[in-house]
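Reader: I would like a close look at one part of this model, the packing of one helix against another. Please go through the geometry and the contacts, and then place that part beside a few other elements.

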Amino acid sequence: MSNQLKNETSPYLLQHAENPVSWYPWGREAFEKARAEDKPVFLSIGYSTCHWCHVMAHESFEDERTAELLNRYFVSIKVDREERPDIDSVYMAVCQAFTGSGGWPMSIFMTWEKKPFFAGTYFPVRPRYGMPGFSGLLTAIAAQWRENRPALLQSAEEIIAHLTEREPETEKREEGNQADVAAAILKRSFDEINGGFGQAPKFPTPHHLLFLTLYGVQREDSAVLHMVEKTLVQMRRGGIFDQIGGGFSRYSTDARFLVPHFEKMLYDNALLIIAYAAVYHVTKKEEYLTTAKQTADYVLREMTAPEGGFYSAQDADSEGVEGKYYTFAWEEVLRVLGETKGKAFAEVFDITPEGNFEGANIPNLLKGGEDTGFAEEKEKLYEYRRGRTKLSLDDKVLLSWNAMMIAALSMLFRVSKEERYLQAAGRAQRFLEKNLCNGLWLCTGWRNGKQSEHGFLCDYAYYIAALTELYHSTLEKRYLEQAVLFCREAVRRFADRENGGYFLSEAESGELFLNPKETYDGAVPSGNSMMAYNFVKLYQLTGKEEFKVLADGQLSFLSGQAQQYPAGHTMFLLAELLYENPPQQITVVVKKEEELKKVKDRLPFLANVRAEAEGTEYRLLNDKTTYYVCRNHACLPPVNEIGEDGKTN
């Protein structure tokens, strides 16, 4: 028996289409039904690769008795947080206000006017660990709705008032101070033994690492660069990195980066490619480039649609067991590789008869093994595990996450000089342009030929960054021209012209009681941080005064937001460092535009590079391609050749 989710395209919603719960997608029909039947709304928000979403679905939403309670007393709505970040953001703020924390699955009880009166995350089927059982909670809320509704409605009004009245004051930007404070905070929380920051669980937070890399280079702070390298090495050697197939899992459940939460997300892998590529650029240590390439190769092999877009995620669970796909028994390894090679492999990758994870083994190099000479063995184990069990794939294409990967592959091309990465980036951009761009209107997601109806700040912010990186790697002006157009459109759609910053949804959107202005850099950098970065880059690439004005305004706004905890705003701080200490400026002058294809392999990783044709204010030297290099507020004489990092010969 199917419910009202059966015609949706989201893999997460389709996972629940056969539940006995009479689920509705978010929309007018569900809220009108609740009003007509005088019922509260139960809103459940999650995503397809969420382990605890699976647990709650199996325990409660697939249970006939629980479904009967939901269907009798509530109208139930399912939302994929990745398709509707606006709904997720608003009700996550609600959940945190009610409980002090948040997560997924998110469980919200509210009126048909979308006003929340109770919130939580996962609820077990029966009471345990101080949490109420879900069925008992449903019964209690239904009774309160019948007998004490005014108190519930008062609770809803209070939480809405709390969330809509706490716009912080914007304070004047203080040059440099916040970057120093953020670096000091991260130094204090750095785990010198295991790498990373804080205690378990440990998240990769690549934007922390990118900020610290640029900060360490600009300040010549070797201690900061050590923190970055230690973290990258530990992650690469740990179980959070798939030693067999490449790519990174979502986070580590322990302090050592040994035991991951096994789901793999496109955005984590994109941002980590950028981090490893950036640190390779600084250090020239091959381990970082190899890791970036292995991660990109995983994405191109397992997460890429035939048309060129990138899929969203792979599940942590297979056959109902978290991590089963990625773990091995000692006997399996010896059987697949043979006893001699199997024992040699097991010695290096910490595979033992006892196991290092719940009786099984997560291959890792944390005990000092060196990953050399095992390519054939890894290939055999990779093919073996593909046939042994299967992972669920979330095959929707999200614009913002795809844009991150396009930027990552463009940057990886600039350090690896391998054309295939740039080709994949260009192909993905063409896929987005065809399927998720309607003129200057961007859509959040696409699946099976159907695009979403909404586009949000994060979609524009990341797409602008992707176009900018493609321009940097190709010098094709169409990418830069599109970045400028989309940037102007984002300002038009999302700007808060009274208080500064940018709303998540269009400024005039009234669908929800709150239109968030997200500034905190959480799992990924916020849309506001990315807009600051975009303004800085576009000003430095185009020289247009409009982007300088926008950069000044956005950096000042974010400075006020970051005052309380600068370490939570590292992408903004990275943009500020680039603004205050611009990379070198290189202008490439060619006789014919086709000649730009010959020079792209020479383009430095970080510099701001512009392409100009002969006949502008720039002239050719010796009738050949000519480079004009400016750094530290001074310009050097034009030259016909530049070396690595834009150094003139």
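Author: The model is predicted. A helix elsewhere in the chain serves as the starting point. The buried residues of α21 are covered by elements that include α8 (177-189), α19 (477-494), α20 (527-542) and α22 (570-580). Those buried residues are Phe547, Ala551, Gln554, Leu555, Phe557, Leu558, Ser559, Gly560, Gln561 and Ala562. Helix α21 itself runs over residues 545-562, which is 18 residues. From the first C-alpha of α21 to the last is 26 Å, close to the 26 Å expected at 1.5 Å a residue.

Now the helix pair. Helix α4 covers residues 64-73 and helix α6 covers residues 134-147. The two pack with their axes 10 Å apart and at an angle of about 15 degrees. Because angles under 35 degrees count as roughly parallel, α4 is roughly parallel to α6. The crossing of α4 past α6 is left-handed. On the α4 side, the residues that meet α6 are Thr66, Leu69, Leu70 and Tyr73. On the α6 side, they meet Phe134, Ser135, Leu138, Thr139, Ala142 and Arg146.

There is also a sheet to set beside the helices. Three strands form an open sheet in the order β8-β9-β12, with antiparallel pairing. Strands β8 (264-265) and β12 (393-394) are the edges, each pairing on one side only. Between β8 and β9 (residues 313-314), the antiparallel pairing rests on two bridges. Lys264 has Gln314 in β9 as its bridge partner.

Methods
Residues numbered from 1 in each chain as written. Predicted model: local features only at pLDDT ≥ 70, side-chain atom pairs only at ≥ 80, totals over all residues. Heavy atoms only, no water. Pairing = 2+ DSSP bridges. Helix = DSSP H or I, 4+ residues; strand = E, 2+ residues; numbered from the N terminus. Expected span 1.5 Å × (residues − 1). Buried < 20%, exposed > 50% of the residue type's maximum accessible area, 1.4 Å probe, protein only. Contact = heavy atoms within 4.5 Å. Axes fitted to C-alpha atoms, helices over the stretch in contact; angles between N-to-C directions. Parallel < 35°, antiparallel > 145°, perpendicular 65-115°, else oblique. Left-handed = near helix turned anticlockwise from the far one by under 90°.
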